[in-house]
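Let's take a friendly walk through a protein model, stopping at a few places where side chains meet. Keep the 3D view open as you read.

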Amino acid sequence: MQNKNIAISLGPVIALVVVFVLVSSIGMWLSFVISDAILHNALGYQVAYKTSSESDFEYAKNTKVGTILAEGMFTCDKPVSDPRIDGVFASIRVDIDYYTMHTTTTVDSKGMTHIKTYYSWDWFATEYNRAETFSFLGQTGPVVALDDAYESEETVYDGSVRYRISTIPTEFYGVGFWSTSDDFHMTNVWREESIDQVVDSETRSASMIPVVFMISWTCLSLFSLVLFICCKRELFIKSYNK
């Protein structure tokens, strides 16, 4: 009777370790690159000129301080409306979906053809109805700059058409991030938040993203290596008769 012994091939194992170290190094480098970009962005919020005063806001605009975090009331000048919902708003976004029939065809192992029919709501188009301008700390800007401030949507059905309607109220308290480098414009807006809350939130997000990326990269690398070992087991483990 022959006994089978099992031997591990060191060559493929060493090659696998080298590949893992290389992949991990690439992941660390990407993490540093992402971290640098995100932290640079977060630093922009930390060093921005901060104010809730109309006179200070005017001064920061005229002297082109770079970036401004300003806190105050956003007020729409000429509200708009939509017949499908009640009220007036600074901006209305309508996502239009159609209830559409789909068919899929499959062939089983016996060569029989099966046709499956199903329905789903499919996006068709997006419409905007915006007021022209809003006022903020004595300044005006285009309402399109408020697009990050939409509220949760209201859904209206009309037969096989669905309208998902999101709105921006005519006025709300919040924080705007303004740039004075080229032309004076707002690049981001946060509703119902203070400057301190915005800076804290952006800083915490910036510190967490590289960590989450590195953990995800490492787990994906390990999973890929384990899967490769399982599929190519004969490369690493050899058996022979004694």
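The sections below look at a hairpin, some ring pairs, two charges over rings and a surface patch in this predicted model.

## A hairpin of two strands

Begin with strand E8, residues 133–136, and its partner E9. The two strands run antiparallel and are joined by four bridges. One residue to find here is phenylalanine 134, whose bridge partner in E9 is glycine 141.

Now follow E9 itself, residues 139–142. In a regular strand, side chains alternate between the two faces of the sheet. You can see such a pattern in E9: Gln139 and Gly141 point to one face and are buried, while Thr140 and Pro142 point to the other face and are not buried.

## Two residues with positive phi

Which residue in the hairpin of E8 and E9 takes a positive phi? It is leucine 137, with phi near 50 degrees, in a hairpin that has two residues between its strands. Leucine 137 belongs to the loop between E8 and E9. Is leucine 137 buried or exposed? Its relative accessibility is 15%, so leucine 137 counts as buried, the cut-off being under 20%.

Glutamate 192 also has a positive phi, near 55 degrees, although this residue is not glycine. Look for glutamate 192 in the loop between strand E13 (185–191) and helix H3 (195–231). With a relative accessibility of 52%, glutamate 192 counts as exposed, because the cut-off for that word is over 50%.

## Rings that meet

Across the whole structure, a search finds 12 aromatic pairs. One of them joins tyrosine 98 and phenylalanine 124: the ring centres are 4.6 Å apart and the planes are at 20 degrees, so this pair is stacked. Tyrosine 98 sits in strand E6 (residues 91–107) and phenylalanine 124 in strand E7, so the pair ties together parts that are 26 residues apart in sequence. Tyrosine 98 is partly exposed at 34% relative accessibility, and phenylalanine 124 is partly exposed at 48%.

Phenylalanine 134, which you met in the hairpin, pairs with tryptophan 178; their ring centres are 6.4 Å apart and their planes are at 50 degrees, so the pair is tilted. Because phenylalanine 134 lies in strand E8 and tryptophan 178 in strand E12 (residues 171–179), this pair ties together parts that are 44 residues apart in sequence. Phenylalanine 134 is buried, with 1% relative accessibility, and tryptophan 178 is buried as well, with 2%. Ring pairs also link these two residues into a cluster with Phe57, Phe74, Phe136 and Phe172.

## Charges over rings

Which residue lies over the face of phenylalanine 172? Arginine 191 does, at 5.2 Å from the ring centre. Phenylalanine 172 is one of the residues in the ring cluster.

Elsewhere, arginine 93 lies over the face of tyrosine 150. Here the distance from the ring centre is 4.7 Å.

## A nonpolar patch on the surface

To finish, turn the model to find Tyr99, Met101 and Tyr119. Together, these residues make a nonpolar surface patch of about 340 Å².

Where is tyrosine 119 found? Tyrosine 119 is in strand E7, which covers residues 113–130. At 47% relative accessible area, tyrosine 119 is partly exposed. That value is over 30%, the cut-off for residues that make up a patch.

Key
Residues are numbered from 1 along each chain as its sequence is written. This is a predicted model: local features need pLDDT of at least 70, side-chain atom pairs count only at pLDDT 80 or more; totals for chains, interfaces and linings use all residues. Side-chain values use heavy atoms; hydrogens and water are left out. Patches are made of residues with over 30% relative accessible area and no salt bridge: like charges are joined within 9 Å, nonpolar side chains (Val, Leu, Ile, Met, Phe, Trp, Tyr) within 5 Å. Accessible areas come from the Shrake-Rupley method with a 1.4 Å probe; for residues, only the protein chains shown count as cover. A salt bridge is a side-chain nitrogen of Lys or Arg within 4 Å of a carboxyl oxygen of Asp or Glu. Buried means under 20% relative accessible area, exposed over 50%, partly exposed in between (1.4 Å probe, protein chains only). Two strands pair if DSSP finds at least two bridges between them. Rings of Phe, Tyr and Trp (its six-membered ring) pair if their centres lie within 6.5 Å; planes under 30 degrees apart count as stacked, over 60 as edge-to-face and the rest as tilted. A charge sits over a ring if NZ of Lys or CZ of Arg is within 6 Å of the ring centre and within 35 degrees of the ring normal.
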